Every structure is written in C-alpha cells, then in structure tokens.
Amino acid sequence: MDSVRTFFHDWRLVLLIIHVGVTAAMIVVILLQRSEGGGLGMGGGAGFMSSRGTANLLTRTTAILAGLFFLTSMGLAWIAGADRKPTSILGTAPATQSQPAGGAAPIAPPTSGGLLDSLKKVDEQQGQPAPSGPQAPRSQ
C-alpha cells in the first residue's frame, strides 16, 4: 500500500508542477493578445509575423493551454480522490442535540395534520393557550 501511496504522491507533485506552468503560460498568452482597447498586446506594425498571423497563433496557443489546464485539473482531482474511502450517510447515527435549558418537552413528529397542528399541541402541552389568530404587539 505504501508503494501505491508513493506513486500517487510522486505523480501528484509532477502534475502540480505541470499545472502551475500551464497556468502561468496561459496568463502570459492571454495578456499578450490584442484586445479592443490595446491591452498589453505588443503587436506593432513591424515584426516577423503579420497581425492576423499573431492573432491566430495566440488563439491556438490559448486553446491548447486551456485544454491542458482542464486535463491537469481533472488529473489532480482524480489523484486527490483516489485514496479516499467511500462513506455513506445512511448507516451513521444522527448527531445528538442537547436539550434546551428550559426543560421543554421534545416535539414529537406529527401523526396527523401539519406543522402548525404539531406546534399548537406543543403549546398546549406547555400550558400556554394557543392564539386564536394573528395578534398585534402590546405595549406595556
């Protein structure tokens, strides 16, 4: 098992270095592209390639780097999840909740009716009469 863990650890490091390199290259290539406002596009009139040729090269390079970025991201996600053990929430016991300080009785699930009926029953159990309708706030 240790050899498998070492294998994944080595590949994770190599893939992470490639991922960071692809990310840096993609940032540079995107910033070199000429935008409508000029941006950081260094393309002047004179150069070894025409303006159209530079745009095509940078567009293709961006697409290739974006594909590599996607693949390295997926690879890193796969390697990160490779040594996890699957868990199920169905077999676990629910977390216990502490009782409120007032010593209120726990609310039983409603057998008939809805949420309002069950709240009315809880109020009756605590000795408070259930309000007949909406109440306006009272000033003291």
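**Exercise 1. Place His19 in the predicted model and state whether this residue is buried or exposed.**

Solution.
- Step 1: locate the residue. His19 belongs to helix α1.
- Step 2: apply the cut-off. Buried means under 20% relative accessible area. His19 has 14% relative accessibility, so His19 counts as buried.
- Step 3: list what covers the residue from elsewhere in the chain. Not counting residues up to four places away in sequence, His19 touches Phe69, Thr72, Ser73 and Leu76.

**Exercise 2. Describe the overall make-up of the protein: which elements are there, and what percentage of the residues is buried?**

Solution.
- Step 1: count the elements. The protein has three helices and zero strands, and the order from the N terminus is α-α-α.
- Step 2: look at burial. Of the 140 residues, 11% are buried.
- Step 3: look at the surface. About 12000 Å² is exposed, and 65% of that area is supplied by carbon and sulfur atoms.
- Step 4: look at the contacts. Taking contacts with a separation of 6 or more, 70% are between residues 24 or more positions apart.

**Exercise 3. Work out the surroundings of Met26, then find the largest nonpolar core to which Met26 belongs.**

Solution.
- Step 1: locate the residue. Met26 sits in helix α1, which spans residues 2–32.
- Step 2: classify the residue. The relative accessible area of Met26 is 15%, and therefore Met26 is buried.
- Step 3: find the partners. With neighbours within four places in sequence left aside, Met26 is in contact with Leu65, Ala66 and Phe69.
- Step 4: read the contact from the other side. Under the same exclusion of neighbours within four places, Leu65 is in contact with Val22, Ala25, Met26 and Val29.
- Step 5: assemble the core. The largest nonpolar core has five residues: Val22, Met26, Val29, Leu58 and Leu65. Two elements, α1 and α2 (51–82), each give two or more residues to this core. Helix α1 supplies the largest share, three residues.
- Step 6: compare with the general pattern. In soluble globular proteins, nonpolar side chains tend to be buried together.
- Step 7: check a distance within the core. Met26 and Leu58 are 32 residues apart in sequence, and their C-alpha atoms are 10.0 Å apart.

**Exercise 4. Which residue's side chain is joined to that of Thr62 by a polar contact, and is Thr62 buried or exposed?**

Solution.
- Step 1: locate the residue. Thr62 is part of helix α2.
- Step 2: classify the residue. Thr62 counts as buried because its relative accessibility is 16%.
- Step 3: list the contacts. Apart from neighbours within four places in sequence, Thr62 is in contact with Val29, Ile30 and Gln33.
- Step 4: pick out the polar one. The side chains of Thr62 and Gln33 are joined by a polar contact of 2.6 Å.
- Step 5: add a backbone distance. Thr62 and Val28 are 34 residues apart along the chain, with 9.6 Å between their C-alpha atoms.

**Exercise 5. Classify Leu57 and Leu71 by accessibility, and find the nonpolar surface patch that includes Leu71.**

Solution.
- Step 1: take Leu57. This residue lies in helix α2. Leu57 counts as partly exposed because its relative accessibility is 44%.
- Step 2: relate Leu57 to Gln33. The two are 24 residues apart in sequence, and 9.8 Å separates their C-alpha atoms.
- Step 3: take Leu71. This residue is also found in helix α2. Exposed means over 50% relative accessible area. Leu71 has 56%, so Leu71 is exposed.
- Step 4: name the patch. Ile64, Leu68, Phe70, Leu71 and Met74 make a nonpolar surface patch of about 530 Å².

How values were computed: Residues are numbered from 1 along each chain as its sequence is written. This is a predicted model: local features need pLDDT of at least 70, side-chain atom pairs count only at pLDDT 80 or more; totals for chains, interfaces and linings use all residues. Side-chain values use heavy atoms; hydrogens and water are left out. Helices (H or I, at least four residues) and strands (E, at least two) are DSSP runs, numbered from the N terminus. Buried means under 20% relative accessible area, exposed over 50%, partly exposed in between (1.4 Å probe, protein chains only). Contact means heavy atoms within 4.5 Å. A nonpolar core is a set of buried Ala, Val, Leu, Ile, Met, Phe, Trp, Tyr and Cys residues joined through side-chain atoms within 4.5 Å. Accessible areas come from the Shrake-Rupley method with a 1.4 Å probe; for residues, only the protein chains shown count as cover. Patches are made of residues with over 30% relative accessible area and no salt bridge: like charges are joined within 9 Å, nonpolar side chains (Val, Leu, Ile, Met, Phe, Trp, Tyr) within 5 Å. A salt bridge is a side-chain nitrogen of Lys or Arg within 4 Å of a carboxyl oxygen of Asp or Glu. A polar contact is a pair of N or O atoms within 3.5 Å; within protein, one must be able to donate a hydrogen and the other to accept it, and residues adjacent in sequence count only if both atoms are side-chain atoms.
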